[in-house]
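Hi,

Here is the structure I promised to pass on. Have a look at it first, and then read on for what turned up in it.

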Amino acid sequence: MNQQTTGGATREAVKEYLQQYHMARERRRMLERRHDVLARELRAPAPGSTYMTMPASHPAADSEGAVSVVFRLAEVEDRIEAQRAAMGRAVTMVMDLIDLLPENSMERTVVELRHIDCKKWERICKEVHMSRSRVNDYYNAALDTILSNKRAQKLVQDFEQDRGHGTGGEKSGLI
C-alpha cells in the first residue's frame, strides 16, 4: 500500500508538504550563490579600455557597469531575506505536522532527520543504525499517522490546492 489515501490526502501529498522547508532552504542557497557571484563580479577589476579609432555604431551590450551590479546585488539580498522568512514559515508548518508523531518515536526521528535536518536517506540509515527498508517502514508509518489526523489532512489538501492554482509560492515558502 504505497499510495495510501485518507480523506483525499495521500502519502505523496504529505511528503510534498513536509518537503516545503527543504525546498525553501535550497532556494535560499541558490540565491546566496547568486549573491556570491555578483559580489565577485563587483570586486573584479574592470577590463581596461581599448582605444578605437572609429566610434562604435551601437553601445556594447555588456557595458552595464558596476552600478547595475550593485542594484542586482541589493535585489538578491532582499530576496534572500524574504526567503529566510519563508523558510521560517515553512519549518513551522512542517513542525506542526511532525508534532502529531509520538515524542521520542523512531517515526518522528526519521521524519525530523529527513525534513528538518534535510539529510539524505543513506545518512539517516547510518544515524539510526538501520537498513534502508527498515527506515522506509518507519517513514511510511509516520506518514500514515499524519494522514490519520483530520487537521493534517485539511492542511495538506489546502497546500495541494494552493500549489495547483499557482499561488502556493508564497504559502509554501518558495519565492
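Let's start with a term: a disulfide is a covalent bond between the sulfur atoms of two cysteines. To be counted here, the two sulfur atoms have to lie within 2.5 Å. With that in hand, how many disulfides does the structure hold? Zero. Keep in mind that this is a predicted model. There are cysteines to look at, though: C118 has 14% relative accessibility, so it counts as buried, and C125, at 11%, counts as buried too.

Now the overall picture. The protein has eight helices and two strands, and if you walk along the sequence you meet them as β-β-α-α-α-α-α-α-α-α. Of the 175 residues, 34% are buried. Take the contacts between residues at least 6 apart in sequence: 73% of them join residues at least 24 apart.

Next, the aromatic rings. A pair of aromatic rings is described by the distance of the centres and the angle of the planes. Searching the whole structure gives two such pairs. One is Y17 with F159, whose ring centres are 5.1 Å apart with 75° between the planes, an edge-to-face arrangement. Why does this pair tie together parts of the chain that are 142 residues apart? Because Y17 sits in helix α1 (residues 11-18), while F159 belongs to helix α7 (residues 150-164). Y17 counts as buried because its relative accessibility is 2%, and F159 is buried as well, at 6%.

W121 and Y139 also pair up: their ring centres are 5.0 Å apart and the planes stand at 80°, so this pair is edge-to-face. W121 is in helix α5 (residues 121-128) and Y139 in helix α6 (residues 132-147), so the pair links distant parts of the chain, 18 residues apart. Are these two residues buried or exposed? W121 and Y139 are both buried.

That brings us to the helices that carry those rings. Two packed helices are described by the angle between their axes and the distance between the axes. For α1 and α7, the axes come within 9 Å and cross at roughly 75°. An angle from 65 to 115 degrees counts as roughly perpendicular, and α1 and α7 are therefore roughly perpendicular to each other. On the α1 side, the residues involved are A13, V14, E16 and Y17, and they meet L155, V156, F159, E160 and R163 of α7. By type, the residues of this α1 and α7 contact split into six nonpolar, no polar and three charged.

The other case is α5 with α6, where the axes are 9 Å apart and the packing angle is about 95°. That makes these helices, α5 and α6, roughly perpendicular as well. From α5 come W121, E122, I124, C125 and V128, and from α6 come R132, V135, N136 and Y139. Here the contact between α5 and α6 divides into six nonpolar, one polar and two charged residues.

One last residue to click on is I146, which is in helix α6. Its relative accessibility is 0%, so I146 counts as buried. Which residues does I146 touch, leaving aside its neighbours within four places in sequence? They are V14, L18, L97, L101 and A152. The C-alpha atoms of I146 and I98 are 7.8 Å apart, although 48 residues separate the two along the chain.

Have fun exploring!

Methods: Residues numbered from 1 in each chain as written. Predicted model: local features only at pLDDT ≥ 70, side-chain atom pairs only at ≥ 80, totals over all residues. Heavy atoms only, no water. Phe/Tyr/Trp six-rings, centres within 6.5 Å; stacked < 30°, edge-to-face > 60°. Helix = DSSP H or I, 4+ residues; strand = E, 2+ residues; numbered from the N terminus. Buried < 20%, exposed > 50% of the residue type's maximum accessible area, 1.4 Å probe, protein only. Contact = heavy atoms within 4.5 Å. Axes fitted to C-alpha atoms, helices over the stretch in contact; angles between N-to-C directions. Parallel < 35°, antiparallel > 145°, perpendicular 65-115°, else oblique. Nonpolar A, V, L, I, M, F, W, Y, C, P; charged D, E, K, R; others polar.
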